[in-house]
Amino acid sequence: MSERVPYYTVAPDGLKIMMDMEKYTKKSTINRTTRELIKIRVSQINGCAYCIDTHSSDARKMGETEQRIYCLNAWNECTFYTLEEKVALELSEHITLIPTKRVPEDLYKRVRELYNDREYVDLVLIINQINSWNRISIAMGNMATEK
């Protein structure tokens, strides 16, 4: 499958908004490693191979280990993610699967024990941003290709 529509050309104003949000999230208060782990995990849930491939590659360039990348789909059974990463990944799953999971009060409280107001908002924006990219990528026919 090839890209269905040259969406950056067809809707440059819309994609500029997406890129502006991307710039914001990159400057956010959330640790860069945590941001990449969130992007990979959300992309796994959404089945976006293009984004899984992109963000796994980005994580490797940052020095992330293969073990931590490979085990993200079972993060809650691993001892090598920090408490902050684990709660961020749990929040990511709940927001990504919001129709069935929601964000229960106990999860919110656990997140807030580790993240302040700004960090909580930044987490929510990062999670929403990658969910948006996943949906754009899948709808536009982007595919992971061999490098």
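How many residues in the lining of the largest pocket are nonpolar, how many polar and how many charged? Keep that in mind for a moment. This is a predicted model.

Let's start with the pocket. The largest one has a volume of about 430 Å³. Its lining is made of 21 residues, and those closest to the centre are Glu22, Thr54, His55, Asp58 and Trp133. Now the split: 9 nonpolar, 4 polar and 8 charged.

Where does the lining come from? At least two residues each are supplied by helix H1 (7-10), H2, helix H3 (32-46), helix H4 (49-61) and helix H9 (117-139). H4 gives the most, with 6 residues.

Next, one residue in helix H2. Threonine 25 sits there, and the helix covers residues 12-26. Is threonine 25 buried or exposed? Its relative accessibility is 2%, so threonine 25 counts as buried. Who touches it? Beyond its neighbours within four places in sequence, threonine 25 contacts Arg35, Leu125, Ile126 and Gln129.

Last topic: aromatic rings. The count is 3 aromatic pairs. One of them joins tyrosine 7 and tyrosine 8, tilted, with 5.1 Å centre to centre and 35° between the planes. Tyrosine 7 is buried, at 9% relative accessibility. Tyrosine 8 is partly exposed, at 42%.

Another pair is tyrosine 108 with tyrosine 120. This pair is edge-to-face: 5.1 Å centre to centre, 90° between the planes. Tyrosine 108 lies in helix H8 (residues 105-114) and tyrosine 120 in helix H9, so the pair ties together parts that are 12 residues apart in sequence. Tyrosine 108 is partly exposed, at 26% relative accessibility. Tyrosine 120, at 17%, counts as buried.

Notes: Residues are numbered from 1 along each chain as its sequence is written. This is a predicted model: local features need pLDDT of at least 70, side-chain atom pairs count only at pLDDT 80 or more; totals for chains, interfaces and linings use all residues. Side-chain values use heavy atoms; hydrogens and water are left out. Helices (H or I, at least four residues) and strands (E, at least two) are DSSP runs, numbered from the N terminus. Buried means under 20% relative accessible area, exposed over 50%, partly exposed in between (1.4 Å probe, protein chains only). Contact means heavy atoms within 4.5 Å. On a 1 Å grid over the protein atoms alone, a cavity is a set of points where a 1.4 Å probe fits but cannot get out, and a pocket is an open set with protein on both sides within 12 Å along at least five of seven lines; lining residues have an atom within 4 Å of a point. Grid points are joined across faces, edges and corners, and a volume is the space filled by probe spheres set on the points. Ala, Val, Leu, Ile, Met, Phe, Trp, Tyr, Cys and Pro count as nonpolar, Asp, Glu, Lys and Arg as charged, and the others, Gly among them, as polar. Rings of Phe, Tyr and Trp (its six-membered ring) pair if their centres lie within 6.5 Å; planes under 30 degrees apart count as stacked, over 60 as edge-to-face and the rest as tilted.
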